[in-house]
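Trainee: Could you take me through one part of this model slowly, the sheet with the helices that lie across it, and then turn to the cysteines?

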Amino acid sequence: MSSDLATADSPVLAVARRAREAAAALAPLPRGVKDAALRAVADALVARAAEITAANAEDVERARAAGTAESVIDRLTLTEERIAAIAADVRDVAGLPDPVGEVVRGYTLPNGLDVRQVRVPLGVVGIIYEARPNVTVDAAALCLKSGNAVLLRGSASAYRSNTALVAVLRDAVAAAGLPADAVQLVPGESRDSVRELMRARGLVDVLIPRGGASLIRTVVEGSTVPVIETGTGNCHVYVDAEADLAMAVGILLNSKAQRVSVCNAAETLLVHQDVADAFLPLALAALAEAGVTVHGDDAVLKAAEGTAATVLPATDEDWEAEYLSYDIAAAVVPSLDAAVAHIRRWTSGHTEAIVTTSQAAARRFTRLVDSTTVAVNASTRFTDGGEFGFGAEIGISTQKLHARGPMGLPELTSTKYIVTGDGHVRGEATPTVGAGADAR
């Protein structure tokens, strides 16, 4: 640890130091202790829901007064029903296997040494996120279960909500016998506290940003702490030449309109030209009924003539947009490979879906598309830690190092090697001409 971090008088670094002490206490705890704490957290959330919703109402009122988009307000809003669902997710996390101590691989060397690679907590995990107070609880639950201390830095727009939630979490954790400092809210509402957290290398082991492209880029480019990069969701639904059209309409509507303000909502529809004449009238009518505005290419614009659909000419900005609203881009493509080429050019690497009855088409699409999740005859909305059986998720990683896709408990661990011998010592090897000197 660098000396400047060890002695600096800063509220942000002070909570980071306390988190580091808490992480050391959490790491060796058995599963039963952690699970009991999580169940206490779930009970406390339900019992104190009125307190949480009152704080949240202040944030929502401020957001509306500031002219915040409804999609963002939807992410910000907590109701008693949503709190109950969050508590249920915490209980689900408590019921999951504990990854800490899991043997990733183990073997005995010819010389008798026993080598095991085991999962261990990352240590102190910092989360920087926007306007989604449910992340406060999801992140805390996953970090506690995996033996990590967590530093939570939500947006100023959710400050009252997050303050109330963290107070509930800390009280419950402490009552269960765990260090309260295992869960802490990073002090401050300005960007200065974010910058301090991003530069707390030696105190914070990893940062995970959750939010829009600007936030993620700022953290990735400005942090000296290692970052697990999450990504935006420009997700695609491709309707193949051999698609069941009724199924395709259902998947399209669920992917786009079931909840528009989330990263796994579809933002682009691609339709094979062989089914465009039959499918587009069905799709446009269904999208219009759902209140979705379509940003279409020439073929889609022509298909919309004389219909009730709202269709605007698409631009390059539409193909790369993460709308998070009742909007979708749409194009007709000549082939599956053309759909893949379009996706490769414009995708954010999150989730793409194909609707097809052809196993060959499905296999080709899943081989060629390089995103975290590729769905066959299923909605893009399933790319979610809870839906994948993780209980919750701490984010959806669109990078390729360490973790990719929805991140659950195993993704919040690292590994270490445990080598067990019986008086083993290493003999001197005969130097090899031209061989390197590393560890030999």
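The parallel sheet and its surroundings

Mentor: In this predicted model, a good place to begin is Val-150, which stands opposite Val-183 in β5. That pair of residues belongs to the pairing of strand β4, residues 149-153, with β5, which is parallel and extends over three bridges. Both strands are part of an open sheet of four strands, ordered β5-β4-β3-β6 and paired in the parallel sense. At the edges stand β5 (183-185) and β6 (206-210), and because each has a single partner strand, one side of each is left without a neighbour in the sheet. From one strand to the next, the twist averages 20 degrees.

Two helices can be placed against this sheet. Helix α7, residues 134-145, lies across β3 (124-129), β4, β5 and β6, and runs at about 165 degrees to β3. Helix α8, residues 159-175, lies across β3, β4 and β5, with an angle of about 155 degrees to β5.

As for the cysteines, with a cut-off of 2.5 Å between sulfur atoms, the model has zero disulfides. Cys-143 is in no disulfide, and the nearest cysteine sulfur, which belongs to Cys-263, is 18 Å away. Cys-143 is also buried, its relative accessible area being 0%. For Cys-263, the closest cysteine sulfur is that of Cys-235, but the two sulfurs are 6.8 Å apart and therefore too far for a bond.

Conventions: Residues are numbered from 1 along each chain as its sequence is written. This is a predicted model: local features need pLDDT of at least 70, side-chain atom pairs count only at pLDDT 80 or more; totals for chains, interfaces and linings use all residues. Side-chain values use heavy atoms; hydrogens and water are left out. Buried means under 20% relative accessible area, exposed over 50%, partly exposed in between (1.4 Å probe, protein chains only). Two strands pair if DSSP finds at least two bridges between them. Axes are lines fitted to C-alpha atoms, for helices over the stretch in contact, and angles run from 0 to 180 degrees between N-to-C directions. Contact means heavy atoms within 4.5 Å.
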